[in-house]
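Q: Hi! I'm new to this one and would love a quick tour. Could you take me through it?

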Amino acid sequence: MDSHFLGLTAIVTLGYQLTFFIITALFRFDKVTDFAGGTNFIILAILTLVLKGSWHFRQVVLSLFVVIWGLRLGLFLLMRILQWGEDRRFDDKRDNLGKLAIFWILQAIWVWTVSLPVTVVNASDKQPSVHAQDIIGWIMWIIGILVEITADQQKLVFKNSPENRGKWCSVGLWKYSRHPNYFGEILLWWGVFLASTPVLEGAEWLVVFGPVLITLLLLFVSGIPLLEASGDKKFGNVAAYRSYKRKTSPLILLPPGLYGSLPQWFKTILLFEFPLYSRNLPQEELSWNRQNQQGSSRTDPKMS
């Protein structure tokens, strides 16, 4: 009936998120949100691995990857929110049950969808020997998790330093990307998907919606756009901040000198420097960006 565990994992995810939704709604306690998300991934990975009982090397490795990622991120975000206080994402939701419910429903969809590659691998009867896709995917995951951990820790140390209050983080990996933690996050989930491909057949390839969803969310919804808007409102009138934005890649780790010299069209098409990331800058800065883009188009031989 449910050979891929899709129905089971959907029911478990909805039940788990519903439990935390009730806690949040009744006690107005929203500090467990990210913990609920991260641990839900762990539950699905372990549950499907144990229920299938094949214990194939690929299944174990990918499940272990999810457990490590979920524990690390869930505990990190829980400790951070306990230290910082209230989660500002819920400022407009604590007294609005409808908005709160929508948030938890979307989180359930996020968990279930992004977990799809591991869920299908753990449910599969087809387990070929290790392929090149496995190794490349594992390498991508390792690089991604290391980048994410390093970036999170660097920013935490930066923000906890009193001398950095009122400043934006531009140290360590943040010198090469405005959002290196999101780069790591996207990279590791695409690595999980790639490592799942040797077992995929037919409609099972639809599990690609897992990494696609996390990529779209971070690029266009709850990740980069929100943080860019917040940063622009706080520091948009600071010349050094505007220079940092112009010279620093929004996602992919690149040397500032290289990124700053690239034409705007190249940044937009290949490096995710979308206009919505600068819509909250002062109008004079937006005008400067448009002039810079036109200048790049005129001087770049590829545009003529």
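Q: Which residue does arginine 72 form a salt bridge with?
A: Arginine 72 pairs with aspartate 152, and the closest N and O atoms are 3.0 Å apart. A salt bridge here is a side-chain nitrogen of Lys or Arg within 4 Å of a carboxyl oxygen of Asp or Glu. One thing to know early: this is a predicted model, where local features need pLDDT of at least 70, side-chain atom pairs count only at pLDDT 80 or more, and totals for chains, interfaces and linings use all residues. Residues are numbered from 1 along each chain as its sequence is written, and side-chain values use heavy atoms, with hydrogens and water left out.

Q: Where do arginine 72 and aspartate 152 lie?
A: Arginine 72 is in helix 3 and aspartate 152 is in helix 6 (residues 132-160), so their salt bridge ties together parts 80 residues apart in sequence. Helices are DSSP runs of H or I with at least four residues, strands are runs of E with at least two, and both are numbered from the N terminus.

Q: Is that pair buried or exposed?
A: Both arginine 72 and aspartate 152 are buried. Buried means under 20% relative accessible area, exposed means over 50%, and partly exposed is in between (1.4 Å probe, protein chains only).

Q: How many salt bridges are there in the whole structure?
A: A search finds 9.

Q: What about lysine 245, which partners does that one have?
A: Glutamate 228 is one partner, with the closest N and O atoms 2.6 Å apart. Lysine 245 also meets aspartate 232 in a salt bridge, at 3.1 Å from N to O. Lysine 245 sits in helix 10 and aspartate 232 in helix 9, 13 residues apart. Salt bridges with shared partners join Arg178, Glu228, Asp232, Lys245 and Glu273 into one network.

Q: And why does lysine 245 count as buried?
A: Lysine 245 counts as buried because its relative accessibility is 6%. Aspartate 232 is buried too, and glutamate 228 is buried at 3%.

Q: Changing topic: which residues make the nonpolar surface patch?
A: Leu18, Ile22, Leu26, Phe27, Phe29, Met79 and Leu82 make a patch of about 720 Å². Helix 1 and helix 3 (57-84) are the elements that give two or more residues to the patch, and helix 1 has the largest share, with 4 residues. Patch residues have over 30% relative accessible area and no salt bridge; nonpolar side chains (Val, Leu, Ile, Met, Phe, Trp, Tyr) are joined within 5 Å, like charges within 9 Å. The areas come from the Shrake-Rupley method with a 1.4 Å probe, and for residues only the protein chains shown count as cover.

Q: How accessible is methionine 79?
A: Methionine 79, found in helix 3, is partly exposed at 49% relative accessibility.

Q: Now threonine 113, what does its side chain reach?
A: The side chain of threonine 113 reaches the backbone oxygen of isoleucine 109 at 2.8 Å. Threonine 113 lies in helix 4 (residues 97-114) and is buried at 11% relative accessibility.

Q: Which residues is threonine 113 in contact with, leaving aside neighbours within four places in sequence?
A: Those are Phe209, Gly210 and Leu213. Contact means heavy atoms within 4.5 Å.

Q: Last one: where is phenylalanine 5, and what is its phi?
A: Phenylalanine 5 is in the segment before helix 1 (6-27). Its phi is near 65°, a positive value in a residue other than glycine.

How values were computed
A polar contact is a pair of N or O atoms within 3.5 Å; within protein, one must be able to donate a hydrogen and the other to accept it, and residues adjacent in sequence count only if both atoms are side-chain atoms.
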